[in-house]
Amino acid sequence: MNILFIGDIVGSAGREAVERYLPVLKEQYAVDFVVANAENSAHGKGITKKIYHQLCEMGIDVMTMGNHTFSKDNIYTFIEEADRLVRPMNMEPLEPGRSTVVKTVKEKRIAVTNLCGEVWMNNVVDSPFSCMEEVLEEIDADIYLVDIHGETTSEKIAFTYCFAGRVAAVVGTHTHVQTADERIIDGTAAITDLGMCGPYTSVIGRDVDEIITRFTTNEKTRFTMAQGSAVFCGALVSIDDFSNKAVSIERIQIRPENE
Ligand SMILES: [Fe+2]
Ligand SMILES: [Fe+2]
């Protein structure tokens, strides 16, 4: 089983990068299942019904979210019927949508869970560690995949060690900067952050000059999206069909030409 994880898709540039590279990667790696973080897919913050359906059409099987899940009110119009979307289990508001979905692929039940880290994140009301224990206890699946959406490397790495051997993959999202620490720990594929699909010349997707102004003056800026071509970031995980454990993880980063 080959599973492609895609980092935070940021705005139209990120969506275009997915549209361009996903078919190529699917063929090249014989991908069976695609999980992508879509919390920034609508102009850098949140998601809309239209974009959700566009991303489904592109071939994304499950979308994970994060602290920007509810940034666009439009999500409330479709989240209950969005059976390919998971939102963080431990972040308020807790009621809308679901935080784990189970999909069957090649006769395997794959559970995809979305959690938020507690460190430097707002509205997180429960520990991602205890939430994941609850998922493993209550949800029956062959393969468990987790997107832990968090600010700090340490929390995501500790989470990985805590669940190593019990889940097939722990991938981090949220920082938009890809880490080079992909590895297999006791049959669990891990990477602290997948990185983003978004404007390459940017500060995590936002306009560079505007963010510099924000850091160097008291001026309140709007967080304008950066222009230009996107980088594509993700990771490919292979899972053994007999043991349901991860056997390899390959980091993917495709930069725009000449960068
Ligand atoms: Fe993000
Ligand atoms: Fe985030």
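In this predicted model, strand 6 and strand 7 run antiparallel and are joined by 6 bridges. Within this pair, T104 has R109 of strand 7 as its bridge partner. The two strands make a hairpin with 2 residues between them, and K106, which sits in the turn, shows a positive phi of about 50 degrees.

This hairpin belongs to a wider arrangement, an open sheet of 6 strands in the order 6-7-8-9-11-10 with mixed pairing. Its edges are formed by strand 6 (100-105) and strand 10 (183-185), each of which pairs on one side only. From one strand to the next, the twist averages 25 degrees. Parallel pairing enters the sheet between strand 7 (residues 108-116) and strand 8 (residues 143-149), which are linked by 7 bridges. Here L115 faces I148 in strand 8. Two helices pack on the sheet. Helix 3 (residues 128-138) touches strand 6, strand 7 and strand 8, and its direction makes about 160 degrees with that of strand 7. Helix 4 (residues 153-163) contacts strand 8, strand 9 (169-173), strand 10 and strand 11 (188-191); the angle between its direction and that of strand 9 is about 170 degrees.

Elsewhere in the chain, strand 13 offers a second set of pairings to follow. Of its 10 residues, 9 are buried, so that the strand is mostly covered. Strand 13 pairs with strand 1 in the antiparallel sense over 5 bridges, with I3 matched to V237 of strand 13. The pairing of strand 13 with strand 12 is likewise antiparallel and involves 2 bridges; in this case G198 has V231 of strand 13 as its bridge partner. Strand 14 (residues 246-254) also joins strand 13 in the antiparallel sense, over 8 bridges. V237 appears again here, with I249 of strand 14 as its bridge partner. Strand 13 and strand 14 form a hairpin with 6 residues between the strands, in which N244 adopts a positive phi near 60 degrees.

Strand 13 also helps to cover helix 1, along with other elements that include strand 1 (2-6), strand 2 (8-9), strand 3 (33-37), helix 2 (49-58) and strand 12 (196-199). The residues of helix 1 that are buried are G11, A13, G14, R15, A17, V18, L22 and L25. Helix 1 (residues 11-29) has 19 residues and, at 1.5 Å a residue, should therefore span 27 Å; the 26 Å between its end C-alpha atoms agrees with this. The helix nevertheless bends by about 35 degrees at Y21, and a proline, P23, follows within four residues. After helix 1 comes A30, with a positive phi near 50 degrees.

Taken as a whole, the protein chain contains 5 helices and 14 strands. A compact globule of 259 residues would have a radius of gyration near 18 Å, so the 17 Å of this chain agrees with such a globule. Along the principal axes, its C-alpha atoms fill a box of roughly 55 × 40 × 35 Å. Of the 259 residues, 48% count as buried. Among contacts with a separation of 6 or more, 66% come from residues 24 or more positions apart.

Conventions
Residues are numbered from 1 along each chain as its sequence is written. Chains are lettered from A and ligands numbered from 1 in the order in which they are written. This is a predicted model: local features need pLDDT of at least 70, side-chain atom pairs count only at pLDDT 80 or more; totals for chains, interfaces and linings use all residues. Two strands pair if DSSP finds at least two bridges between them. Axes are lines fitted to C-alpha atoms, for helices over the stretch in contact, and angles run from 0 to 180 degrees between N-to-C directions. Two residues are in contact if their C-beta atoms, placed from the backbone, lie within 7 Å. The radius of gyration is taken over C-alpha atoms; the globule rule is 2.2 Å times the number of residues to the power 0.38. A residue is buried if 20 or more other C-beta atoms lie within 10 Å of its own, exposed if 12 or fewer, and partly exposed in between; C-beta atoms are placed from the backbone. The expected span of a helix is 1.5 Å times one less than its number of residues. The bend at a residue is the angle between axes fitted to the seven residues ending there and the seven starting there.
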